[in-house]
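Here are some notes from one colleague to another, set out as numbered points. Please keep the viewer open while you read.

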Amino acid sequence: MSKKTNLFTHFKSDFASGLVVFLVALPLCLGIAMASGAPLFSGIISGIIGGIVVGYLSQSQISVSGPAAGLTAIVLTAITDLGAFDIFLTAVFIAGLIQLALGFLKAGSISNYFPTNVIEGMLAGIGVIIIMKQLPHAFGYDADFEGDESFLQVSDNNTFSALFDVINHLQLGAILITLISITILIMWDKVPALKKLKLVPGALVAVVIGVLLNEFFIASGSSLAIGKDHLVSLPIPTSVEEFKAIIVTPNFAGIMNPKVWVVGLTIAIVASIETLLCIEAADRMDVHKRFTNTNVELRAQGIGNIVSSLLGGLPMTSVVVRSSANNAAGAKSKLSAIIHGVLLLVSVLTIPFLLNKIPLATLAAVLILVGYKLAKPATFKHFWHYGKYQFLPFIATFLGVVFTDLLKGVALGIAISIVFILRGNLKRAYSFRKEEYLDGDVINIDLAQEVSFLNKAAIKLTLANIPENSKVVINAHDTVYIAHDILDLIHEFKSTRAVDENIKVKLKGFKKEYALENSAETQNHVSIEHHYDFVKREIVEKKVVKEEFPE
């Protein structure tokens, strides 16, 4: 559920988080464009459109869109096969139209079938990838482009072997700036006096200190000075003609080429799946537990890719790395994503020479901490304690994402989850009935014997449609197994939405290990009811409901 609030309600926190995402997004946009074999500014254009256009149209309050590492191989191959970047832009335009159609066809609902343990495994895997990919940059070794998430690299190395190469390319200035930056970031989160400075994010302070330190090293002729190859490298137009050349428009003559349509369809499918995965992950990260309409998101992404193609930008998706940085920086609403897009636009037009002084080591420090927050050891312990049916899909997804890529890892986790579910007895998730009383109706939701993540969509829709000021009883006394996805939905409904909309909720018969609030009074009523036959039980049920909602 998304609450309607003024876009500028949380301006202070959203501006600070938007500034952090801007700092993180800048080198990622450039790195992904470089790896894609596209003009460097095409990545920046995609980031600007992803922030401003998609950020405004989307209903997600946390996610951030822009050029995605998962599309680099597709883009690189497509540009080579089609022979020109402007023809490739026609394929991006087609991909946007397809995504727009998928949104109107409500294809976004498939995200309801992504299990929570798979989404969490994906996030943990990406967290580890971020850390491993940024460690070389933190030590001053930049053989791999910023934003790469693949296990295998173009240099015939892989993520692990590249770490060993770092030993031969240590840069003491970069290491010093990384350590200082990490110290600043940790202090900014831990020291109470610094935490109060919400408008000044720790990442900005770390970047400023990093720039000043390196400028001091350069001015003093120190061997610690960091060269241009380890700084942000944004192209600077030197004339009006060069600036005009940045904007490349699609060559629609290629629309009759079947290869263009194949590329467009491929981009649309891959970008849509990655977006839905990221949106589900962003909703999981959101402390306010707001739900995003994924069909609206697909339409927003489609419009974003159409606009990006018309201005010479790369295809985009909702991106986990930027969304995670946004959440970690304390974003409250989608204004943060919009601000990051505006800052990208303004900065590349006005101060590109200042941006080119930012050490990649400082940005690596920011991303390493983001990666740690995604892959905390507590997350692994959490799913281990939930048992093998939750842990195995989680760890399989985690390993699949780290050693292959995001889509293959998620596919592996979902496949294992489905195998486990098919071993059980797939029954109807619940029964729904409304009882009428003089002092108001009572909605009864009786859960079935087994409630799996496949029932998530139906239960989410039912809970979303419960009106304000209702009285609800959710009964699990006949239930043997409830997926943790469903338990999370019920818990979030009771603790967040029910409080906001004056919905009185009673939970009955939930096992102690589910850790849902279950009063002793309710437990007693449930045990008494087992001693009555069906007819008497219905009578007692109504009496209990009456007592549980006193005037």
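1. Let's begin with a residue to click on: in which helix is the place of Ile490? Ile490 belongs to helix H21. Do keep in mind, here and below, that this is a predicted model. Is Ile490 buried or exposed? With a relative accessible area of 2%, Ile490 is buried, because the cut-off for that class is under 20%. Ile474 sits 16 residues from Ile490 along the chain, and 8.7 Å separates the two C-alpha atoms.

2. Staying with helix H21, follow the chain past its end. Helix H21 spans 484-500, strand E8 spans 504-508, and Asn502 lies in the loop between them. Asn502 is not a glycine, yet its phi is positive, at about 55 degrees. As background, most residues other than glycine have a negative phi. Asn502 is partly exposed, with a relative accessible area of 46%.

3. Lys289 makes a natural companion to that point. Its phi is near 55 degrees, again a positive value in a residue other than glycine. Where is the place of Lys289? Look in the loop that runs between helix H11 (258-285) and helix H12 (294-310). Lys289 counts as partly exposed, at 25% relative accessibility. If you check backbone torsions by eye, Lys289 and Asn502 are two places to stop.

4. Now to another asparagine, Asn326, which is in helix H13 (residues 320-328). Asn326 has 0% relative accessibility and therefore counts as buried, under the 20% limit. What does the side chain of Asn326 reach at 2.7 Å? Its partner is the backbone oxygen of Ile62. Setting aside residues up to four places away in sequence, Asn326 touches Ser17, Val21, Gln61, Ile62, Val64, Ala331 and Ser336. Ile62 thus appears twice for Asn326: in the list of residues it touches and as the owner of the backbone oxygen its side chain reaches.

5. Ala38 is a good example of a buried loop residue: it is found between helix H1 (11-35) and helix H2 (40-57), and its relative accessible area is 11%. Which residues is Ala38 in contact with, leaving aside neighbours within four places in sequence? They are Ala33, Ile79, Phe85 and Leu314. For Leu314, the separation from Ala38 is 276 residues in sequence, while the C-alpha to C-alpha distance is 8.0 Å.

6. A word on the cysteines. In general, a disulfide is a covalent bond between the sulfur atoms of two cysteines. How many disulfides are there here, taking sulfur atoms within 2.5 Å as the rule? The count comes to zero. Two of the cysteines can be placed by burial: Cys29 counts as buried at 0% relative accessibility, and Cys278 is buried too, with a relative accessible area of 1%.

7. Finally, the overall picture. The protein has 551 residues, of which 54% count as buried, and its secondary structure holds 23 helices and eight strands. Among contacts between residues at least 6 apart in sequence, 80% join residues at least 24 apart; Ala38 and Leu314, 276 residues apart in sequence, are in contact. The accessible surface comes to about 24500 Å², and carbon and sulfur atoms account for 65% of that area.

Definitions and conventions. Residues numbered from 1 in each chain as written. Predicted model: local features only at pLDDT ≥ 70, side-chain atom pairs only at ≥ 80, totals over all residues. Heavy atoms only, no water. Disulfide = S-S within 2.5 Å. Buried < 20%, exposed > 50% of the residue type's maximum accessible area, 1.4 Å probe, protein only. Helix = DSSP H or I, 4+ residues; strand = E, 2+ residues; numbered from the N terminus. Polar contact = N/O pair within 3.5 Å; in protein donor to acceptor, adjacent residues only side chain to side chain. Contact = heavy atoms within 4.5 Å. Areas by Shrake-Rupley, 256 points an atom, 1.4 Å probe, with all protein chains shown as cover.
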